[in-house]
Amino acid sequence: MAAGSCLPLLLLPWLVMASHSPPGCKIRITSKGLDLVEQEGLRFVEQELQNMTVSDLHGKEGQFHYNISQVKVTDLQLAHSNLHFQPQQHLFFNIRNASISLRFRRQLLYWFFYDIGSINASADGVRIHTVLQLAKDEAGRLKISNVTCNASIARMHAGFSGTLGKVYEFLSTFIVTAMRFLLSQQICPSLEHASLVLLNSLLDTVPVRNYVDEHIGIDYSLLRDPVISTDTLDLDFKGMFFPRARENQKLENHAVEPVIKETERMVYVAFSEYFFDSAMHAYFQAGVLAIELQGEKVPKDLDVLLRATFFGAIFMLSPAVDAPLRLVLQVSAPPRCTIKPSGTSVSVSAFLNISLVPQGQPPVQLSSMAMETKLSAKVFLRGKALRMQLDLRRFRIYSKQSALESLALFSLQAPLKTLLQLTIMPIINERTKKGVQIPLPEGMDFTKEVVTNHAGFLTVGADLHFSKGLREVIEKYRPAPTASSAGPAEPSMDPHQL
C-alpha cells in the first residue's frame, strides 16, 4: 500500500517534464526595450485622453439648474510617467502630477436668470495607476487579458465668462465637483478601451500561423503565458515550420531549450536547432528538395567529363551516344542543423542520378551515387526577417553499388563539387534570401543585431525602433464604429428642459 502511494510522487517529475514543451523560438524584452515602448506608449496615451468622450452632465441644486455639454480636452500635460515590469504577468503604468485642461458648453438657470456660455476648467494633480495583465489566448497569441485602473484628481478649477460670471462664482462648487467626478470616472474607461481593443488590435499584427512561401508555413503560437520578472519579459513560441499540403503535421521537439541570460540589449531572440530542423523537414515533406539539370543546363566541362567516365556504358547505346545528359539531385532525408559556439552547419544526404535521355525513348541510367555534404550556415537578421546564407564546406560521393565503383567515381569529386558551388548553391541561397519574419508587431523593427552561437541554439541581441507610430498602426486596424458608438446628441437650448 505504501509503495503504491509513492508511485505517483515518483512519476510527478516526469509528468512535469512531459507537459513542458520546449520552445523553438524564444523572445526576451528587457527593461531597456520597455523604456522605448514607454516613450511611444506615452504619446499614444496622450492622444487617447485628448480624444476621450466625456458624457453630458446636468443637475439641480435648489433653484440652480445646470447642463454641461460638448466637453473637449484642450491641453494635456503628463509630466511624470513610468512603465515597468511587475512579476508574474503584468505591466504597471503609472502617471502622476498630470494636468488636463478642458473647455465645455454651459447652460445655467438660476431663478429667472438664464445664461449660455463656455467654461474653461483645469484638472491638476491627476494620478493614473494602470496594471495590464498579459496572457496567451486560445489561438496562442499574446493579449492584454485584463486591465486594472484607478484615477484621481487632486484639484479642479473652473473660470466663467458671460453675463452672469460673477453670480456663478459662488455656485461653481457644484459644477467643479460634478466635473471632477465625471472626468475621473471617464479616464479609466478610455484607457481600458485603448488597451483591450486598440492595443490588442496591434498585437493582432504579430504573425502566429502564416505562410512563408508557396511550400511551407510557420507556427509562432505561444506555448504558455508570458513570464515576467522585475527586469524582463520572456515569451516561448512553438517555432515550428510545416508543409502547406499537410498543415496539421507536427514534429516532436527534442532539441536543447534556448536559454537567454543577457539583459544588456533591448531585445533578444533565441532559436534552437529544432527551429531550423523543422524548416528543412517541412521542405523535405513538401518534395521541393530536388534539382534537375538536363541538356544545355549541364556545364559543358562536366558533360565532357561524365561522358568520358561512363564511355563504356554510353558506347553500348550506339544510337543514343549523342543524347543529352540529365542530372537529378534528390535529398534523401531531412537535412539536420547543428549549432555550436564555433558556428552553425547543416548536414545533407542526397542521391545523384545520372542518365542519358534519348529522344523518344525512356531515360537510360548511367549511375546512381550517394552524396554527403556539410554546409556552413551564416544566420543573420535584416529588419524583422531571419535569413540564412549557406556555403559548401565538405563534399563526398560514393557508389551505392560497390567500393570499386566508388573508386572510379573519385575523378568526379572535384567537378561535382564545383557544380554544387557554382550552380546549385546559388539556387538554394536565392530561396533562403527572403527569410522568415520574426514575431513582432507591425511598425517595430530590429537594429544593431548581433548573432551569438551557443551549444544547441543561437541568440540574436538587438535594439528596437518604431518605423511606424502606434497610432498609425492602430488606425490602420481600428475596428469600424458601430451605431452604439455614435457621439452624444446636441443638447437642448430650451431652458425649460434643463
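Glu475 is partly exposed, with a relative accessible area of 40%, where buried denotes under 20% relative accessible area, exposed over 50%, and partly exposed the range in between (1.4 Å probe, protein chains only). Its partner in a salt bridge is Arg471, with 3.1 Å from N to O, a salt bridge being a side-chain nitrogen of Lys or Arg within 4 Å of a carboxyl oxygen of Asp or Glu. Arg471, by contrast with the partly exposed Glu475, is buried at a relative accessible area of 16%. Both residues belong to helix α10 (residues 470-477), where they stand four residues apart, about one turn of the helix; helices (H or I, at least four residues) and strands (E, at least two) are DSSP runs, numbered from the N terminus.

The model is a predicted one, in which local features need pLDDT of at least 70 and side-chain atom pairs count only at pLDDT 80 or more, whereas totals for chains, interfaces and linings use all residues. Residues are numbered from 1 along each chain as its sequence is written, and side-chain values use heavy atoms, with hydrogens and water left out.

The structure holds 15 salt bridges, among them one between Asp204 and Arg141, whose closest N and O atoms are 3.6 Å apart. Because Asp204 lies in the loop between α4 (172-203) and β8 (209-211), and Arg141 in the loop between β6 and β7 (142-160), this pair ties together parts that are 63 residues apart in sequence. Asp204 is partly exposed at 39% relative accessibility, while Arg141, at 18%, counts as buried.

A further salt bridge joins the side chains of Lys238 and Asp219 at 3.5 Å, N to O. Here Lys238 is placed in the loop between β11 (232-237) and β12 (240-243) and Asp219 in strand β9 (residues 216-219), so that the pair ties together parts that are 19 residues apart in sequence. Lys238 is partly exposed, with 23% relative accessibility, and Asp219 is buried, with a relative accessible area of 5%. In addition, Lys26, Arg224 and Asp236 are linked in a network of salt bridges.

On the surface, Trp111, Phe112 and Phe113 make a nonpolar patch of about 420 Å². Patches are made of residues with over 30% relative accessible area and no salt bridge, like charges being joined within 9 Å and nonpolar side chains (Val, Leu, Ile, Met, Phe, Trp, Tyr) within 5 Å; accessible areas come from the Shrake-Rupley method with a 1.4 Å probe, and for residues only the protein chains shown count as cover. Trp111 is found in the loop between β5 (90-110) and β6 (113-136) and is exposed, with a relative accessible area of 57%.
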